[in-house]
Amino acid sequence: PINNPTFTGTVTLPGNPSTANEAATKAYVDNITAGLNFHAAVHAATTANLSATYNNGAGTLSASGAFPTIDGETILETERILVKSQSDAKQNGIYTLTDDGDPSGTWVLTRASDADNSPAGEIAYGDFTFVQNGTLNGGQGFIMTTTGTITLGTSNIVYTQFNTDNIVTEI
């Protein structure tokens with residue numbers, strides 16, 4: 001058998017892959033990824049509502065005390081999290097921990113720079129992120145399924161699990 005072959009021209013495959021580790025045609029990959037807007041991975045994703053105050057103008061969630069663990073993970077300042085479980089879905093989105101509550105006694109999450117809708121239209125149906133860590137969500141991908149024009153503080157932002165296999169553990 002030939003190991004590590006080198007192809008110098010076009011390779012035509014007989015069809016789409018049907019089992020793991022089979023090569024995929026460009027058309028197959030294009031169809032799978034059509035409409036996905038990839039965002040940088042997040043450290044963890046929420047599994048429950050964060051009891052916090054939402055400030056739409058600043059794009060922040062904040063509350064007194066130290067920042068809680070998220071899906072079994074301790075989050076450090078500057079790490080990204082997917083907030084997807086808020087009782088008020090207008091507060092959901094991708095955030096960065098900008099203050100962990102120590103020593104000020106108030107933690108602050110700020111909408112991530114690639115998910116703060118600046119420029120307008122930056123947040124859209126098909127936004128996708130991988131979750132790197134967590135007991136329930138680690139290794140999962142989530143896609144934003146809200147349709148239409150997204151207005152922060154007005155539009156409900158809904159993320160739905162995209163895959164079922166733990167295929168990503170670290171990025």
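Strands β8 and β9 (residues 141-144) pair in the antiparallel sense over three bridges. Strands here are DSSP runs of E of at least two residues, numbered from the N terminus, and two strands count as paired if DSSP finds at least two bridges between them. The structure is a predicted model, in which local features need pLDDT of at least 70 and side-chain atom pairs count only at pLDDT 80 or more, while totals for chains, interfaces and linings use all residues. Residues are numbered from 1 along each chain as its sequence is written, and side-chain values use heavy atoms, with hydrogens and water left out.

Within the β8-β9 pairing, T129 has F142 of β9 as its bridge partner. Strand β8 (residues 127-130) is also joined to strand β1 (residues 37-38), through two bridges, and these two strands run parallel. One of the bridge partners in this pairing is D127 of β8, which is matched with N37. Strand β9 in turn pairs with β10 in the antiparallel sense, over three bridges. In that pairing, M144 stands opposite Y159 of β10. The result is an open sheet of four strands in the order β1-β8-β9-β10, with mixed pairing. Its edge strands are β1 and β10 (159-161), each of which pairs on one side only. Strands of a sheet pair through backbone hydrogen bonds, either parallel or antiparallel.

Another open sheet contains six strands in the order β2-β5-β6-β7-β4-β3, and its pairing is mixed. The edge positions are taken by β2 (44-45) and β3 (53-55), each pairing on one side only. Within this sheet, strand β6 (residues 93-100) and strand β7 (residues 106-111) run antiparallel and are joined by five bridges. The bridge partner of T96 in β7 is T110.

A search of the whole structure finds one cavity of 30 Å³ or more. A cavity is a set of points, on a 1 Å grid over the protein atoms alone, where a 1.4 Å probe fits but cannot get out; lining residues have an atom within 4 Å of a point. Grid points are joined across faces, edges and corners, and the volume is the space filled by probe spheres set on the points. The largest cavity has a volume of about 30 Å³. Its lining consists of N92, G93, I94, R111, A115, I123, I157 and Y159. These lining residues divide into five nonpolar, two polar and one charged, where Ala, Val, Leu, Ile, Met, Phe, Trp, Tyr, Cys and Pro count as nonpolar, Asp, Glu, Lys and Arg as charged, and the others, Gly among them, as polar. Y159, which lines the cavity, is the residue of β10 that stands opposite M144.

Definitions and conventions
1 Å grid on protein atoms, 1.4 Å probe; cavity = no way out; pocket = protein on both sides within 12 Å on 5 of 7 lines; lining within 4 Å.
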